Every structure is written in structure tokens, then in C-alpha cells.
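Q: I am new to this structure and would like a close look at a single part of it. Please pick one part and describe it together with its surroundings.

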Amino acid sequence: MTNGDGERMTGTAAEPTAEGRFYTELTVRNAGVVSAADQRALRTATVLVAGCGSIGGAAVEPLARLGLRRFVLADPGTYELNNLNRQSATVADLDRNKAALAGDRVRAINPHASVEVFTDGVTGQNAEKLTASCRVVIDGVDVTTPEGWRAKLLLHRHALRRRLPLITGWDMAGTQYVRCYDYRYVREPFAGAVGPHDADRYDMWDLLRRAVPLRHVPADMLAEIRANHARSDYSFPQVAYTAMAFGVISSHMVVRLLAGRRVRPEVRLDVHQQARPFGERWRTRVRRPVELAALLPEFLRLARRSGADRAALAAVDRDVS
């Protein structure tokens, strides 16, 4: 018989098993940064990663290396060539399911890990099972299609129902905006910004406007939106370092949440701005309100088309100012 730490119980003491010895050696270099209590939480808790491509996939590997042993992974998508600029896959992985491949990566790091894979993603049939055993949810579900938004809203509703903290993120050029909806305290999905039926009522641009405050959208992304918002075939640009930033930030958030500590609800990291010299950083700050003002007519048009009330319009005006 073994205890929860992978140690064989004898009449007098706990004797480490091969699994216990492996885990101790895997995580020995965490000591001094990850406390013993945090490591125990990582060893025993289950985390759901829904959407294992760009940002969700970026969180899987650091969590496995930190010592998380129990994963639930869900994604209906398969790898395409245009994913390889930022996602943890190779040419050999093309056409493979993203959740299945993420599970393989976890087991390659820790062969003793427990991994449950759902290749149909988040659905009405499995959402309850996905969230049943987990203590934290990472939401990497796609936001470029109505189906993705419906799955995302379903995931948030179930996280709220189970009072689970949920971490999600948004790639915007060189900026990673990470949002933690701690549904132990937050009482509405998306804190009320996106309603339960909004995926059926509004288009992608309006949903994004509701979910991501304009104050967090960087100038270079505003310029990109202004140039391409009218294109029906437009795909958001995403790059490796921005996606990887989500893995960095979210994995630390998971450690804190599993240990019972709270995290900031919003974390924003602008990699481009951090790397720019002072003069260019200043010029970028000056450029941002110009780009925002150029987009204001489009934001107002979206708000009116969706039947937004005066409060929503006032929120846009506040963000611009």
C-alpha cells in the first residue's frame, strides 16, 4: 500500500517507492522557490487545461516540470502547419490531436503522471466530468469561432458552478493579458462582461471588446485591428514569445491557487514595450491614443449594432480617454 505521496507504507514508516524517488529527484531543484507546502499541493491536485494549443499548450509543460501530476486535457483540434510558429509541436505532429499530444508531453516528463484526455473538447455532454475532479481551470479555448465561444462560456459556467478559479489569457501582438476569474468569489461568468447567450448574438469583434478592456490592448495591436477589422478572412497574429508568456504567468498562478493563496485578477505583460529603449517606449505611448481614436467610430458602431446601452458606450469613452 502507498500513501498519497507515492511512498510504500510499512509497519513503522513510509518507504519511498520508485515513483516517490522519481518525484523527489524531478522537483529537487524547485526547493527554495517552491515551498514544501506548494509542492505537496502540486503533487496531489488535478488541473484542467481546456484548449491545448497556443496559450493552453504553453501552460502544460511548465506545470508538469513544476511537479503537477494530475492533468485533465481537452481540445478537439489537430495541429496545422501555421500552428508551429508558437505551439509545442513539430512537423511530425501535424494532424495529431492537441490534447493527446499534450498528454504525451506530460508523460514524457513524468511517466508516473495521471493524464485524462478529451479529444472532443468542451461539450455539453462532458463539461461536468471535465471539472468534477479539478481544483483549477486553465481556459485556452479558441475565440475565433462561435463554436469556440460557446465552449468557452460553457466552461466558465461550470467553473462558476463548482466555485473553481479559472485562468485565461489573450495574445495581442507582444502583449499577454492574463485574467483570473476566481469563481470562489466572482459570481458571474466573465464577471458579467459576456452573457450566457452572447456567442449567438454578437460577432467575434464585439465579444472580444466585451472580454478584453481596451486599456490592455497595445498600440501595435490597435493598428493591426484598424487595418484588418473589415476582413472576413482575418486571423489574429500570434507569436511564440507571447504565447509562452502565458505559460510563465499562469503556471505560477496555479501554484498559488492550489496552495490556497489568491492572485491578482489581471496581469499584463507587454514584451515589446519591455524591450524597447526609452525613446521608442515614449513614442509608443503617444501613438496609442491616436490609434485608439482612429478606431473609436468602429467601436461605437459595434456597440450600437449589438444594442448596447448607454453604460456600454460610456465604458468605451472612458477607455479612450
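A: The part described here is strand β8, followed by its neighbours and some related side chains.

The model is a predicted one. Strand β8 covers residues 175-182. The strand is mostly covered, and eight of its eight residues are buried. Its side chains point in two directions: T175, Y177, R179 and Y181 go one way, while Q176, V178, C180 and D182 go the other way. Both sets are buried.

Strand β8 has a partner in β7, which spans residues 165-172. Eight bridges join β7 and β8, and the two run antiparallel. Within this pairing, T168 has R179 of β8 as its bridge partner. The two strands form a hairpin with two residues between them. In that hairpin A173 takes a positive phi near 55°. Most residues other than glycine have a negative phi.

Strand β8 is also joined to β9, residues 266-270. Five bridges link β8 and β9, again in an antiparallel arrangement. Here the bridge partner of R179 is E266. R179 is thus bridged to T168 and to E266.

Two further positive phi values occur in loops next to these strands. R163 is not a glycine, yet its phi is about 55° and positive. This residue is in the loop between α6 (146-161) and β7. R163 counts as partly exposed because its relative accessibility is 37%. A191, also a residue other than glycine, has a positive phi near 55°. A191 belongs to the loop between β8 and α7 (198-201). With a relative accessible area of 39%, A191 is partly exposed.

One of the residues of β8 is a cysteine, C180. C180 has a relative accessible area of 4% and is therefore buried, the limit being under 20%. C52 is buried as well, at 0%. A disulfide is a covalent bond between the sulfur atoms of two cysteines. The structure holds zero disulfides.

Aromatic rings are the next topic. The structure holds four aromatic pairs. One of them joins W149 and F190: the ring centres are 6.1 Å apart and the planes meet at 40°, so this pair is tilted. W149 lies in helix α6 and F190 in the loop between β8 and α7, so the pair ties together parts that are 41 residues apart in sequence. Both W149 and F190 are buried. F190 also pairs with Y181, and this pair is edge-to-face, with 5.4 Å from centre to centre and 70° between the planes. Y181 and F190 are both buried. Y181 is one of the residues of β8, and F190 is in the loop between β8 and α7. Ring pairs link W149, W170, Y181, Y183 and F190 into a cluster.

Charged side chains also meet aromatic rings in this model. The charged end of R262 sits over the ring of Y185, at 3.9 Å from its centre. K98 lies over the face of Y79, and there the distance to the ring centre is 5.4 Å.

To sum up, strand β8 is a mostly covered strand. Eight bridges join β8 to β7, and five join β8 to β9. Y181 takes part in the ring cluster together with W149, W170, Y183 and F190.

Technical notes. Residues numbered from 1 in each chain as written. Predicted model: local features only at pLDDT ≥ 70, side-chain atom pairs only at ≥ 80, totals over all residues. Heavy atoms only, no water. Buried < 20%, exposed > 50% of the residue type's maximum accessible area, 1.4 Å probe, protein only. Helix = DSSP H or I, 4+ residues; strand = E, 2+ residues; numbered from the N terminus. Pairing = 2+ DSSP bridges. Disulfide = S-S within 2.5 Å. Phe/Tyr/Trp six-rings, centres within 6.5 Å; stacked < 30°, edge-to-face > 60°. Lys NZ or Arg CZ within 6 Å of the ring centre and 35° of its normal.
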